[in-house]
Amino acid sequence: MPQTVQGVIARAKGAPVEVVDVVVPDPGPGEAVVRVDTCGVCHTDLHYREGGINDDFPFLLGHEAAGTVEAVGPGVTDVVPGDHVVLNWRAVCGQCRACLRGRPWYCFATHNATQRMTLTDGTELTPALGIGAFVEKTLVAAGQCTKVHPDADPAAVGLLGCGVMAGFGATVNTGAVARGDSVAVIGCGGVGNAAVAGARVVGATTIIAVDVDDRKLEAAKNFGATHTVNSSTEDPVEAIRSLTGGHGADVVIEAVGRPETYEQAFYARDLAGTVVLVGVPTPDQKITLPLLDVFGRGGALKSSWYGDCLPSRDFPMLVDLYRQGRFDLGAFVTERIGIGDVEEAFDKMHQGDVLRSVVVMEGSG
C-alpha cells in the first residue's frame, strides 16, 4: 500500500520550502523504499529551489542521505529490508559503453526509480538528483542504495552521498594524488575540506587551503591543511608557488566553480601538474586562457563528476576509514536539525556558518 509521509518540497522558483504530505508508492521492479534516517543540506538543493537546475517544479529536495531499506520490488537482489545504506545519485547501469569498458564511474546511463512520488492531490514530484530525501521515506532505484556498516553514524556517513565524496574523490580518484605530492585546494567549504582530508589520507606532504573566510581556513587545518592562504589579502597563485619552492602544486583542486578561481588554479600548478574542477559552474560562465599557456604548461585539466566514484567500491572503504579514526566524517556535521529547519539551514549556508546542517528524521536519534 502507498504510504503518506512528511517531506520538504520547493513549489516554485525562489519560494521558501514547505513541509507537506508526500505519497510514496510501493516499490516496483528494480526499486526500493528507504526509511531515511538523516539527510545533509547541500548547496545543490538550494540550486533546485532557485531554479538553477531546471524548472520541473515541484521538487522533493534532499539527496545526501543515509537510511534503512524498508521494502524492495521484484528483481532486487543486492539489498534486502533491514540493510543500512547510503544513497547515491549515480546508480551505474552496467551496460553502457563506459561500464562495458570497465569504467563504471563514468556511467552514461545512470538510473533512478521509474515511479514518481506525489503530493496527496496526485501532483508528481521531481526528486532532487533522482533521490528526494528530505522525507521520512523515499523511493529510489535499488542501485542507488549502497550498503554500509550498521554501526556508523548515519549523519556522518550520509554525507558520502554527495559533497564529501565529491571532494575526497576529486583528490584521490580524479587528481590521483599520491604520497609526497603537493596539493592546493581553492574553496574550503564541505567539498573543499573533503578534498583536503583526502590529500592527507593518501600522504600528500604539502596541503595548501585557499579561501576568503578565515573560519573555513581554520577548519581546513583540522582536516589536514599544512598551510592556509586567505586570497582576499594575498595573491593565491604567488602564495601557492612560494609554498612549493617557487614551482606550483602538483595538483590543484578548484572547489568553487568560478572563472577567476579556475584561472588561479591553472596558474598555481607546477609544470605538468593537474587541475581538477569539482566546483559546479553556472551555465553562463566562461573562461579565456592563452592556448599557448595550455600547451606550454602541459599536464592535465580535468573535471570531476561526483569524485569519479564508484559507490559500491568507495562508500564502504570510506566508512571503514571513518570507523578506524583515519577519516573524520563526523567533523563535517556542524549541526543536526529537524525536517522543518531546512529553510533556516539554507540561510546559514549562505552566511558560511556551517559545513553541513544535517536533517535528522524524527525517531532516528
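Reader: Which residue in β12 stands opposite S182?

Author: Quick housekeeping: this is a predicted model, where local features need pLDDT of at least 70, side-chain atom pairs count only at pLDDT 80 or more, and totals for chains, interfaces and linings use all residues. Residues are numbered from 1 along each chain as its sequence is written, and side-chain values use heavy atoms, leaving out hydrogens and water. Now to your strands (DSSP E runs of at least two residues, numbered from the N terminus). In β12, the residue facing S182 is T206.

Reader: Over how many bridges do β11 and β12 pair?

Author: Two strands count as paired if DSSP finds at least two bridges between them. β11 and β12 run in the parallel sense, and their bridges number five.

Reader: Which strands stand at the edges of the sheet?

Author: Follow the order of this open, parallel, six-stranded sheet: β13-β12-β11-β14-β15-β16. The edge strands each have a single partner, so one side of each is left without a neighbour in the sheet. Those two are β13 (227-230) and β16 (300-303).

Reader: On to the helices. How many residues of α4 are buried?

Author: Helices here are DSSP runs of H or I, at least four residues long; buried means under 20% relative accessible area with a 1.4 Å probe, protein chains only. The buried residues of α4 include G163, V164 and F168, and their cover includes β5 (64-72), α5, β14 and α10 (contact is heavy atoms within 4.5 Å). The helix is mostly covered, and the buried count out of its 12 residues is 10.

Reader: Which residue with a positive phi follows α4?

Author: Step just past the end of α4. The phi there is near 50°, and the residue is A176.

Reader: Which residues touch the most other members of the largest nonpolar core?

Author: A nonpolar core joins buried Ala, Val, Leu, Ile, Met, Phe, Trp, Tyr and Cys residues through side-chain atoms within 4.5 Å. This one has 48 residues, with α4 (163-174), α5 (190-202) and α10 (311-323) among the elements supplying at least two each. Another core, of 33 residues, lies apart from it and has V41 and M349 among its members. Back in the largest core, those touching the most others are V157, L160, V164, I253, F327, L329 and F332.

Reader: Which residues is F327 in contact with, leaving aside its neighbours within four places in sequence?

Author: F327 is one of the core residues that touch the most other members. With those sequence neighbours set aside, its partners are V164, F168, A197, L318, L321, Y322 and F332.

Note on methods:
Buried means under 20% relative accessible area, exposed over 50%, partly exposed in between (1.4 Å probe, protein chains only).
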